[in-house]
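Me: I should like to learn how domain and chain contacts are read from a model. Could we work through one case together?

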Amino acid sequence: MVFTLLLYTSLTVFILGMIYKIFTWFSRKIGISANDITTSERVFAAAKGITSTIFSLKIFVLLKVFILDVLLQKRILKENFLRWAMHMLIYGGFMLLLLMHALDTIITESFFSEYYSTLNPFLFLRDFFAIMVIVGLAIAVYRRFVLRVPRLHSNPMDYYVISILAIIMISGILLEGVKIASYTEFQNMVEDYAEADDEEETTALENLWVKEFGLVSPNVKEPFDQEIILQGQEVHEMNCAECHSSPKWAFTGYTTAKIYGPFALVLDRLGSVNFLWYIHILSCFFGLAYLPFSKMIHIFASQISLLTNAVMDNEKSSLANIATRQAIELDACTHCATCSLKCSVAIAFEKIGNFNILPSEKLQSLKAYVANKNIGEKQLKAIQEGVYLCTNCDRCTVVCPVGINLKDLWFSVREELIQKGHIEPLMLSPFSFYRGLNRQSIDSKEYLKPLIGAKKAIAAKCELMNKPEDIITLPPANKRFRDQVDLSSRSDTYSYCFSCENCTTVCPVVENYEKPQEELGLLPHQIMRSVGLGLRDMAFGSKMLWDCLTCYQCQENCPQSVKVTDILYELKNMAIKENVRVHSNS
Amino acid sequence: MKFALFIGCNIPARLQQYELSARAVLGNLNIDIIDIPEFNCCGYPMRNADFKAFVLLSARNLALAEKQGLNVMTLCQCCFGSLKKADHLLKGDASLQNEVNTILAKEGLMYMGNSEVTHFLSVLYNDIGLDSIKDMITNAFKDLNIATHYGCHALRPSDIMQFDNPATPVLFDQLVEITGAKSVDWALKLECCGAPLLGVNDELSMDLAEKKLADGKQAGADFFCTACSWCQLQFDTVQKMIIELRGMDGHLPSILFPQLLGLGMGIDQEALGIKMNDIDISGIESFLS
């Protein structure tokens, strides 16, 4: 009764949760392209896409991916054997337990008419599968907490999943152990199944079970009388053996029973069988009910991600289906951090300290962002910097074990965030190259806005530049600013500049304009002099700084060995850092 | 001869033909290529924003190569420039080295400055030598005019790069000429391709590329030849975009040096990724003798 009630409650929560999840897959919007598509359009496009795929040759691709990537998890194997072994043990063991043990009345019984959970091979297999899961979990704990793989971060969800699985497995084994040793269980079994109403026969059976099968009885102790044991054997063969293999086959439970030793009697009297049964059942049901809301949802979402990415083609697939896939992909992520281990810029996290540089963490932040787009400016800026600080090398996408098309996700989110109007100073660096290459896929009106915004935001803080009519009073030297320009090797060489203008003459950017002064603000030699005079505003405020190609012509041709390009690099560093700081405080 | 091959970020994602053709050519020349999958970004795009993060990115690569006792060969000149620059800075600044090594120590790495950084072209020119390569040319080009594009970061700053004479370099031209092609003289040969500003100031970036295209064509070149991923993307992918956006007439396709050399060595087109360029270069076959 309690069992049925709990089962149906958790099943109901699970089903409602799944319905809610599926609804979010079709309704949540990530990236610019998803904005104008309604939920019903997405459902319709998905139905159409699925039907046309199933009735085409692509069905073979799906089949292949299902076997190799979903069932055999080839993609994890390619990355790391230990991880593959870990996941296969957990997922294989758990699925087999689910099918054979948890759903025994539905599945196992219909395939094996002779099924008894206490009979081999089922008795042995149940323990074997449990050990698989436990070994897998041990590897997971080892990787996360002992090996301390760099850039593999663990969050509360990771702890939860390891814990819930561990509780289910360990409570199951402890339960099996107390049941094997339990005298009450023995008495109940005798009453229910044995036809031995003769006291002598029952005692003989009890002797045998104590000697051979781990039972702990208050009445029977060593040494055993050989004759009684033989008689017990006979009774056992007659009444029990048909439906009960030796509990020794349940090797984890049997070992546990042996470990309880004499305490088994106390445990039995305290009702530990009942207690552990509740723990086991409740943890299973909790795991089931919470599944749609935990990262365990990946058991569904990752399959969809692998299968859809195998047959979808970004050029041809409908935007509606891409939007839906990207929403599902967020749930497909298992936070395994393969992407962060392979990420080309991951190490920059150590210096910059923004977690969102690491793809695996970025994805976690995006989940929160997509669920609630008003997550606050600070968090939003952190995600934006993380998404922008990316060389688009595609390694994360290539290695993702669940096949998430991360590169498209980043591109689409990057556009959405920068178009919201938050200033991103990293836009003024070669990190923008990829965006430039793809400018034809971005709305041309929206393309320039964030770039202009970033340049303006920096220039706005340079008053001297903005009021050219003001006369600069002498001595204006901002000594602190001047001393800061000393990060890289000998960049303080600006003081050697005597304004011969060689740098400006050879600069291809200056050369490109008819009226360079008007276009660029200050020219390279003027910037050098501004630094020498400590005129911060002049150095930061000129457009020239952001239009510098870093081609090193100026530096190469300076007769005074001023490190012109290196100084320009440094000024950019300083302006960007200052802008980030000022902005995050506001 | 053994090198750790540094392919960077652009090549595996957007310019696989560079890696393909370079491997094919290096294989023919019996150069041992070691792959270090842990390599990360050279740090180049970080230089505008955070100097120390740039040095850290570079230093990690150098430390990885050093751990295996290998020198690093880059294909891209911006990777080349950045790794060399970082190496130079680290060698001259003990406290910076310390700071970087404290972070690298977390994954058992350490930068000590024992690994040298070189570029694909330098390896061909200095380590293998023109004569040995010439012996491998089976299908020399005839009547083919090439505009060699050196790439800024290989040449400058010359005190650090030590690649060739920064004002009158010959290394790349001589390499091109052993294939039988003629390296034409063109005025803007040593100027920037414009790629660093793509995405920041597209008009300026495209202006610079367009000027170089016009100049190369005027000098009678049939093809550009590059040995840098940024320059090649600018002259191939971005040139295609310029044609579409600005309606520029005529074009000057760009071939990667290992593609050119590979064809001269008689390597199969497919192995050189000839068909993978955005602007078709298959016409170059007609110049083979």
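The dialogue below treats the two domains of one chain, then the contact between two chains.

Reply: This is a predicted model, in which local features need pLDDT of at least 70 and side-chain atom pairs count only at pLDDT 80 or more, while totals for chains, interfaces and linings use all residues. Residues are numbered from 1 along each chain as its sequence is written, with chains lettered from A and ligands numbered from 1 in the order in which they are written.

Me: Which domains does the assignment give for chain B?

Reply: Domain bounds come from an automatic or database domain assignment. For chain B, these are domain 1 (2-119) and domain 2 (129-287). Their C-alpha centres lie 24 Å apart.

Me: How many residues does each domain of chain B bring to the contact?

Reply: Two residues are in contact if their C-beta atoms, placed from the backbone, lie within 7 Å. Domain 1 of chain B contributes 25 residues and domain 2 of chain B contributes 26 residues.

Me: Which helix supplies the largest share of the domain 1 side in chain B?

Reply: Helices are DSSP runs (H or I, at least four residues), numbered from the N terminus. The largest share, nine residues, belongs to H2(B).

Me: What does the contact between chain A and chain B take from each chain?

Reply: It takes 47 residues from chain A and 44 residues from chain B. On the chain A side, H33(A) gives the most, with five residues.

Me: How is the chain A side divided by class?

Reply: Ala, Val, Leu, Ile, Met, Phe, Trp, Tyr, Cys and Pro count as nonpolar, Asp, Glu, Lys and Arg as charged, and the others, Gly among them, as polar. The side of chain A that touches chain B has 24 nonpolar, 14 polar and nine charged residues.

Terms used. Helices (H or I, at least four residues) and strands (E, at least two) are DSSP runs, numbered from the N terminus.
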